[in-house]
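Visitor: I've got a model to look through and a few questions about how the chain is put together. Mind walking me through it?

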Amino acid sequence: QDPYMVSSKSPTAVAINAAAKTGQWIKSRLGNIKELDIKQSAQDLVTDVDKGAELMIRKLILTHFPDHAFLGEEGVEAASTEPMDALEDAEYLWIVDPVDGTTNFVQGFPYFCISIALAHHGELIIGVIYDPMRDEMFVAEKGRGAYMHGTPTAVSSEDTLADSVIAIGFNPERDFALPLNLKGMQALAPRTRSLRAMGSAAMHLAYVAAGRLSGYYEVGLNSWDIAAGVLLIQESGGKVTDTQGQAFHLGARHIVATNGHMHQELIQVIEEAGASGY
Ligand code: 2AM
Ligand code: CA
Ligand code: CA
Ligand code: CA
């Protein structure tokens, strides 16, 4: 095979194509799940659609870039801890969540997405999030901005928490993460305009990038939940750090993502509540 033919498509075009094709397939399987299993607990679901979508994305990407490393949620053994040091060393690493919002997908609640990111030596260079139910394709390229269907996305302009709608999340890790996320919720609720918890970390991040939410906080995430959304927010003028305010890196699991304006205020509320996870 001619190596120039194989790599003639840009990685961004390959990611968008993989998200669009796989997204249509996922949508076609809504209400038609063939296998539903639990992973670590009854809160942690996986279906044949999650696994099939990951295989499809892996194939659509690695056909063009056979030398690249690939990290997908469903390819990781349930009990293994993520070898993050090795990941940050990889030259090109794709970080993929085939369905973010599986519980919603299972419920027929139309709020889930595909998240595809590409990192180069640990630095995010492409982020794509696709919502197949609304046909919304969010695309970011490092240093080139972020777009939805050709229109640049931009974060919101609210300066204070009091004027902000903030997303929170309750991932299924109950021993460590749930008590912290509940504490965070309790501290944030009286200080924000309103809170939202829609059940998809990646969609929350895309909505912060698009100015539909002013911020998002959650403890206990994984790289595939957040990698694409982080670049979308950065390229839309917003800010993502860990819950202590340290610059985002691929191993960060407790994050604060905002329009940048009330970032410090949000971190302060979380730290004062003892809800940072650190
Ligand atoms: P998922 O749908 O891809 O599993 C709300 O449940 C959010 O938590 C979703 O983004 C969900 O992603 C994520 N999530 C699910 N299981 C998780 C886990 N074991 N640890 C951290 N986050 C998880
Ligand atoms: Ca999952
Ligand atoms: Ca996820
Ligand atoms: Ca998933």
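Visitor: How far does helix 3 reach from its first C-alpha to its last?

Guide: This is a predicted model, where local features need pLDDT of at least 70, side-chain atom pairs count only at pLDDT 80 or more, and totals for chains, interfaces and linings use all residues. Residues are numbered from 1 along each chain as its sequence is written, while chains are lettered from A and ligands numbered from 1 in the order in which they are written. Helices (H or I, at least four residues) and strands (E, at least two) are DSSP runs, numbered from the N terminus. Helix 3 takes in residues 48-62, 15 residues, and the expected span (1.5 Å times one less than its number of residues) is 21 Å, close to its actual reach of 21 Å.

Visitor: Which residues in helix 3 are buried, and why are they on the same side?

Guide: Buried means 20 or more other C-beta atoms within 10 Å of a residue's own, with exposed at 12 or fewer, partly exposed in between, and C-beta atoms placed from the backbone. The buried ones in helix 3 are Val49, Asp50, Ala53, Glu54, Ile57 and Ile61. They share a side of helix 3 because they cover an arc (from the directions from the helix axis to the C-beta atoms) of only 130°.

Visitor: What order do the strands of the five-stranded open sheet take?

Guide: Strands pair if DSSP finds at least two bridges between them. The pairing here is mixed, and strand 11 (194-196) and strand 13 (239-242) are the edges, each pairing on one side only. The order is 11-10-12-14-13.

Visitor: Which residue in strand 14 is the bridge partner of Tyr217?

Guide: Strand 12 (residues 215-218) and strand 14 (residues 255-258) run antiparallel, joined by four bridges. Tyr217's partner in strand 14 is Val256.

Visitor: What angle does helix 9 make with strand 14?

Guide: Helix 9 (residues 263-272) packs on the sheet, touching strand 12, strand 13 and strand 14 (contact means C-beta atoms, placed from the backbone, within 7 Å). Axes are lines fitted to C-alpha atoms, for helices over the stretch in contact, and angles run from 0 to 180 degrees between N-to-C directions. The angle with strand 14 is about 150°.

Visitor: What is the radius of gyration of the chain?

Guide: It's taken over C-alpha atoms, and the globule rule is 2.2 Å times the number of residues to the power 0.38. For 278 residues, a compact globule would come out near 19 Å, which agrees with the chain's 18 Å.

Definitions and conventions:
Two residues are in contact if their C-beta atoms, placed from the backbone, lie within 7 Å.
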